[in-house]
Amino acid sequence: MKHPGKTWPRRSAAALAMLTSLTLAGCGLSSGGAEESAPVAAEDATLRVGMASDAQSLDPPNFSLTADFIRLDLIYERLVKLDPNGKPIPGLATSWEQNSDTEWTFTIRDGITFTDGTDLTPEVVKTNLERAMKAPQGKGYLGVIKSVELVGDKQVKLILSKPFSSLLNNLSVPVAGIISAKAIKENEKNLSANPVGTGPYTLKSWNPDERMVLERNEGYWGEKSQVKTVEIVPIPEASTRLAALQSGDVDVIENPPPSELSLIKESPDINELIEPKAQPIFLGFELKQVPDVKVRRAIAMAIDKEGIVKNVLEGVGTPATNGLLPPALVTAAADPINIDHDLEGAKKLMAEAGAGDLTLDLVLPASYYLKDKEVAEVIKSQLKEIGVTANLKVQESGTWFTSLLEHKTQMYWLGWGVAAGDPADMLTRVFRSGAVNNMAGYSGADKEIDELALLPIRTPEREALMNEIQRKIVEEDVVVVPIHYSTNFYATRAEVQGFHTTMASLWDLSGVTVKK
């Protein structure tokens, strides 16, 4: 199948809703009207964003957290992009052709220059893919590539180790970002802090845990944003982020306090943005540490998901009562994939398991997901009712993720974004035995997961198999307890217009204007 090349604008998935005219009376936000002003000229616009955590690495195939993807997406481009409907479209490749089940040929775009002045060539693409397919995180997306060959002076051929229907989707993920070959050769060990890409922005400065400054790539071949400078400031506490937005120290923040939403509606100074996001949040078990499925099932039965979303998240998100995969990505099973809240049934299972007065550690990050610690406190109190003491081990985000990768957990708190737009990606990368991100150490669905790679994306047969796998993971083996489906939740100053996000949690800055 041949995909024609074309030029397209950078656009995000359509927003679910934008709630405007917001005020935080309880936090001292001004109730006065904002003066009308003109957008700042393109060469002057600066966007300051307060985020819950800093990036860990700017080396695409060696990323640490998916939060890195936001920064990587602004600096690096991939061979393939996804349109707002999740359909693969040309990126640094102008077209591609599937020659067989295991061979693909990509034509590389001419006239593209890296920010170090070197040119994009098929040789550069080959160098990048060969590097990425072997990297610990990169191989989770691209490890199916067996070899890369040059074809003439404009093409590369990818030879796969097996048929893989998600190849185009996986090539669209920031982990597949194309780096200057010169930078790889001369400075590979320091790429995590010295990125060199072809994307719309380039790194100007980065003081870890303080501020990252990106500047518009004036040599960018595509549509340029009106925002010249993007400043990203790590502000772990939601209330502090909100105060920074209120004072004008930042223009945009992620995850404002949901408790303030009822007061936000009056203000002309702050706008709230809630848009769809392909990310479930779940409690997981390290299976060697919590081997009894009756105990795991009892814990799942003790957790009140609806209550958590209503009373802790205050409606920002949706209870995960039909599987692990967000409903926006897969047709929901007719028979819901869920373990219902049943406190008395949970107590009975604990008695059958002979597991009275059980103590388990729950490892979670500090202010990484929306109200993660507050949700964990509620889960702790719910588990106490069935005789389980949950010790909350709150860790800095990098330390927390390393603990999960090294299986230094009993229970863990995790959200997994579907960056490739293909829900099978999460099943493969998190629940396939041998996968670096298989924090549970699970191997009970390998055969079914492998079958997904042979089925075309977005077909009823494939979705039915994904639901079968979900049922096994969630209901039968109780590897994880899905808690809620999260959203992209931001607040912006009224002066900022056109800021949007994608299902993959990335930013779309193509239409952003800033008034001062």
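Two strands are taken to pair if DSSP finds at least two bridges between them. On that basis, strand E11 (residues 211–216) and strand E12 pair in the antiparallel sense, over four bridges. The model is predicted. The points below cover the strands around E12, an open six-stranded sheet, two nonpolar cores, a helix pair and some loop residues.

**Strands around E12**

- Strand E12 spans residues 227–234, and seven of its eight residues are buried, so the strand is largely enclosed by the rest of the structure.
- In the antiparallel pairing of E11 with E12, Leu214 stands opposite Val230 of E12.
- Strand E3 (residues 45–51) also pairs with E12, here in the parallel sense and over seven bridges.
- Two positions place E3 against E12: Ala45 is opposite Val227, and Thr46 is opposite Thr229.
- Six of the seven residues of E3 are buried, which leaves the strand mostly covered.
- E3 has a parallel pairing with strand E13 (residues 252–254) as well, over two bridges.
- In that pairing, Val49 has Val252 of E13 as its bridge partner.

**The open sheet and helix H11**

- An open sheet is formed by six strands in the order E16-E20-E15-E19-E17-E18, with mixed pairing.
- Its edge strands, each pairing on one side only, are E16 (318–319) and E18 (388–395).
- E18 pairs with strand E17 (residues 358–365) in the parallel sense, over eight bridges.
- Within this pairing, Thr359 has Thr389 of E18 as its bridge partner.
- Helix H11 (residues 372–384) lies across five strands: E15 (280–285), E17, E18, E19 (411–415) and E20 (480–485).
- The helix runs at about 165° to E18.

**Nonpolar cores**

- In soluble globular proteins, nonpolar side chains tend to be buried together.
- The largest nonpolar core here has 77 residues, and Leu383, Trp413, Leu414 and Phe431 have the most contacts inside it.
- Helix H8 (residues 293–302) gives the most to this core, contributing six residues.
- A second core, separate from it, has 70 residues, among them Val124, Phe164, Ile179 and Val512.
- Apart from neighbours within four places in sequence, the contacts of Phe431 include Leu324, Met426, Tyr442, Ile449, Ile473, Val479 and Val480.
- Asn438 and Asp446 are also in contact with Phe431.

**Packing of H13 and H15**

- Two packed helices are described by the angle between their axes and the distance between the axes.
- For helix H13 (residues 424–431) and helix H15 (residues 460–476), the angle is about 35° and the axes are 11 Å apart.
- The crossing of these two helices is left-handed.
- H13 makes the contact through Ala424, Leu427 and Phe431, while H15 uses Arg462, Met466, Ile469 and Ile473.
- Six of the residues in this contact are nonpolar, one is charged and none is polar.

**Loop residues with positive phi**

- Most residues other than glycine have a negative phi.
- Asp357, which is not a glycine, has a positive phi of about 50°.
- Asp357 is in the loop between helix H10 (343–353) and E17, and at 72% relative accessibility it counts as exposed, because the cut-off for that class is over 50%.
- His407 likewise has a positive phi, near 60°, and is a residue other than glycine.
- His407 lies in the loop between helix H12 (397–405) and E19, and its relative accessibility of 30% makes it partly exposed.

**Two further loop positions**

- Ala193 sits in the loop between helix H5 (181–187) and strand E10 (201–207).
- With a relative accessible area of 37%, Ala193 is partly exposed.
- Not counting residues up to four places away in sequence, Ala193 touches Leu203 and Trp206.
- The C-alpha atoms of Ala193 and Pro208 are separated by 9.6 Å, and the two residues are 15 residues apart along the chain.
- Phe499 is in the loop between strand E22 (496–497) and strand E23 (500–501).
- At 2% relative accessibility Phe499 counts as buried, because the cut-off is under 20%.
- Phe499 is 13 residues from Val512 in sequence, and their C-alpha atoms are 5.3 Å apart.
- Val512 is one of the residues of the second core.

Key. Residues numbered from 1 in each chain as written. Predicted model: local features only at pLDDT ≥ 70, side-chain atom pairs only at ≥ 80, totals over all residues. Heavy atoms only, no water. Contact = heavy atoms within 4.5 Å. Axes fitted to C-alpha atoms, helices over the stretch in contact; angles between N-to-C directions. Core = buried A, V, L, I, M, F, W, Y, C linked by side-chain atoms within 4.5 Å. Buried < 20%, exposed > 50% of the residue type's maximum accessible area, 1.4 Å probe, protein only. Left-handed = near helix turned anticlockwise from the far one by under 90°. Nonpolar A, V, L, I, M, F, W, Y, C, P; charged D, E, K, R; others polar.
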